[in-house]
Amino acid sequence: MSSETAKNPPSGPKGGNLRLSEANLNKVPGQIHRPAYDRSGITPGIVHLGIGAFHRAHQAVVIDDLLAAGAIEWGIIGASLRSSQTRDALAPQDGLYTLAVRSGKGTDHRVIGSVLASDVARENPRQLIAHLADPATRIVSLTVTEKGYCHTPQTGDLDEHHPDIAHDLQNPDTPRSTVGFLVAALARRQAAGERPFTVLSCDNLSANGRTVGRIVTQFAGLRSRDLARWIEAEVAFPSTMVDRIVPETTDADRAAISSALGMTDAWPVVTEPFTQWIVEDRFTAGRPDFAAAGVQLVSDVTPFEHMKLRLLNASHSALAYLGYLAGFETIAATMTDARFAAFARQVMQDAAPTLAMPEGTDLAAYSASLLQRFSNPALHHRTWQIAMDGSQKLPQRLLATMQDRLRLGLPIDTHALAVAGWMRYVTGTDEQGRAIDVCDPLAAKLKSIAESAGPVADRLAPALLQVDQIFGASGTDPRMRSAVIEALSKLYTLGARQAVQTFQVG
Ligand code: CS2
């Protein structure tokens with residue numbers, strides 16, 4: 001998920017002196033869609049934490065549609081936890097930015113108006129808490145990436161030793177973590193006798209709603225049992241499945257979009273035509289008419305979430321690690337090699353028997369559409385970007401499928417190769433001997449394990465499998481061990497291109 005970790009900060013205005021803003025909206029070329037509503041009449045009903053590219057290309061677009069349909073009390077206040085990049089770029093633009101939807105057929109531009117203001121939590125935590133605690137805020141949505149939950153991915157529990165959590169327990173009114181902010185604001189609501197907001201996680205976590213509910217309640221329990229009980233009883237944490245491929249915005253994107261606009265947009269977002277949002281219909285304090293904007297409301301999102309994590313995100317990560325090792329810069333470039341495309345399809349086929357989908361779900365058609373989306377030549381989605389934070393992604397994307405397949409008595413060699421790709425990647429050296437910039441909260445630990453083990457499959461694989469936060473008990477399963485050692489040894493001897501070739505789709 002694209003987030004504040006973007007490596008390309010918005011640079012100064014490019015070409016032309018005009019800047020996208022409320023005052024200049026009427027100068028945007030006629031064929032470009034713009035907010036079809038009076039923004040001055042919109043009031044905020046949602047605070048969104050983690051206002052990165054993904055949110056602005058996904059949920060904010062849905063809200064833009066709803067505002068245009070008259071749901072004027074559902075504007076968004078965005079917040080970044082640390083970086084001021086988004087606020088700095090959007091403030092001079094009155095929150096406006098361009099959504100560029102790219103496919104092989106060309107680019108469709110649209111100016112989005114649903115983000116009314118942006119906070120930077122680190123600069124002014126009290127202001128963010130005030131926005132969250134304001135009774136007008138009825139939904140707090142989140143895209144803070146997997147590591148933003150300060151939990152142990154393998155168990156789904158709050159990581160009480162996380163430095164931000166330790167900080168927030170000491171400084172409850174000036175927190176740093178997402179969970180610290182949520183609990184600070186919920187405590188205010190409880191003290192004031194107000195009803196709470198709904199917490200709507202939109203991150204690629206397994207059971208994202210239940211997981212954030214557990215983490216928030218565990219953290220609150222460390223502050224006050226009474227607060228934890230109130231949260232448990234009163235706050236809804238619906239789970240969601242979100243899907244849209246949103247690569248990091250580059251300087252080239254900024255230049256191309258500004259030129260189409262005839263004025264500078266310092267922080268546009270680029271995405272694909274496909275978008276999907278499935279939400280459990282449990283809201284504490286009301287919700288907009290999401291269905292009117294194409295959102296699917298369901299009573300249980302679990303099957304859809306598993307389908308997406310185990311088909312899309314799993315094959316995405318597999319392509320990212322193995323494609324990167326083979327020297328591919330983007331997913332689309334990796335997909336031009338038929339061996340990798342076949343491997344991605346095999347990852348999906350192997351996950352299918354672990355899914356329990358509602359009747360009528362066509363997994364083959366879903367998988368085919370994923371392969372097409374990955375091949376979109378107009379998206380520059382870097383393998384490096386997806387490879388980021390693997391320690392937080394592996395459990396729900398790859399390991400859960402492996403565990404289920406082992407329970408079903410099925411082989412796990414396909415997924416073992418993807419895990420081996422991750423292992424090889426986190427050593428920090430690619431197949432050509434070049435350094436890899438491994439971006440992961442556990443990067444230092446993984447690197448030191450790799451250094452002591454050396455590039456030897458039957459030493460490196462068992463050593464990494466012992467990282468409990470990632471592998472838990474499955475790391476000690478002898479079947480897991482032997483499959484991963486074999487895959488890693490194949491990767492070392494054959495290289496990624498040949499190793500994936502050994503998987504032929506039946
Ligand atoms: C990607 C996702 O970066 C990643 O890890 O797999 O962000 C992916 O693009 C989205 O989940 C698609 O909905």
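Me: A salt bridge is a side-chain nitrogen of Lys or Arg within 4 Å of a carboxyl oxygen of Asp or Glu. What makes the pair Arg-497 and Asp-337 count as one?

Reply: The side chains of Arg-497 and Asp-337 come to 3.7 Å, N to O, and this satisfies the limit of the definition. The two ends sit in distant parts of the chain, 160 residues apart: Arg-497 in helix α21 (residues 496–501; helices are DSSP runs of H or I of at least four residues, strands runs of E of at least two, both numbered from the N terminus) and Asp-337 in the loop between α11 (331–335) and α12 (338–351). This is a predicted model, in which local features need pLDDT of at least 70 and side-chain atom pairs pLDDT 80 or more, while totals for chains, interfaces and linings use all residues. Residues are numbered from 1 along each chain as its sequence is written, and side-chain values use heavy atoms, with hydrogens and water left out.

Me: Which other salt bridge does Asp-337 make?

Reply: Asp-337 also pairs with Arg-339, at 2.9 Å from N to O.

Me: Why are the partners of these bridges called buried, partly exposed or exposed?

Reply: Relative accessible area decides it (under 20% is buried, over 50% exposed, in between partly exposed; 1.4 Å probe, protein chains only). Asp-337 has 10%, so it is buried. Arg-339 has 25% and is therefore partly exposed. Arg-497, at 31%, is also partly exposed.

Me: What makes Asp-430 and Arg-434 a salt bridge?

Reply: Their closest N and O atoms are 3.0 Å apart. Asp-430 is buried because its relative accessibility is 4%, whereas Arg-434, at 47%, is partly exposed. Elsewhere, Asp-64, Asp-65 and Arg-110 are joined into one network by salt bridges that share partners. The rule gives a count of 23 salt bridges.

Me: How do you know where domain 1 and domain 2 begin and end?

Reply: The bounds come from the domain assignment (automatic or from a database), which gives domain 1 as 25–265 + 273–298 and domain 2 as 302–502. Their C-alpha centres lie 29 Å apart. The contact (heavy atoms within 4.5 Å) takes 29 residues from domain 1 and 36 residues from domain 2.

Me: What is the area buried between domain 1 and domain 2?

Reply: About 2,500 Å² is buried between the two domains, 55% of it on carbon and sulfur atoms. Buried area is the accessible area (1.4 Å probe) lost by two parts on being put together, summed over both.

Me: What links domain 1 and domain 2 across this boundary?

Reply: The counts are 3 salt bridges and 12 residue pairs in polar contact, both residues at pLDDT 80 or more. A polar contact is a pair of N or O atoms within 3.5 Å; within protein, one must be able to donate a hydrogen and the other to accept it, and residues adjacent in sequence count only if both atoms are side-chain atoms. On the side of domain 1 that touches domain 2, the elements giving two or more residues are β3 (97–103), α7 (208–223), β10 (240–243) and β12 (276–280). β10 gives the most, with 4 residues. The residues of that side divide into 12 nonpolar, 9 polar and 8 charged (nonpolar: Ala, Val, Leu, Ile, Met, Phe, Trp, Tyr, Cys and Pro; charged: Asp, Glu, Lys and Arg; polar: the others, Gly among them).

Me: Why is Leu-371 called buried?

Reply: Leu-371 has a relative accessibility of 12%, so it counts as buried. Leu-371 belongs to helix α13 (residues 363–374). Apart from neighbours within four places in sequence, Leu-371 contacts Met-335, Ala-341, Ala-344, Arg-345 and Met-348.

Me: What makes Asp-404 and Arg-310 a polar contact?

Reply: The side chains of Asp-404 and Arg-310 are joined at 2.8 Å. Asp-404 lies in helix α15 (residues 390–407) and is buried because its relative accessibility is 17%. Beyond four places in sequence, Asp-404 touches Arg-310 and Thr-354.

Me: What sets Thr-145 and Ala-207 apart in their phi values?

Reply: Most residues other than glycine have a negative phi. Thr-145 has a positive phi near 65°, and Ala-207 one of about 45°. Thr-145 sits in the loop between β6 (139–142) and β7 (151–152), and Ala-207 in the loop between β9 (198–201) and α7. Thr-145 is buried because its relative accessibility is 7%; Ala-207, at 17%, is buried too.
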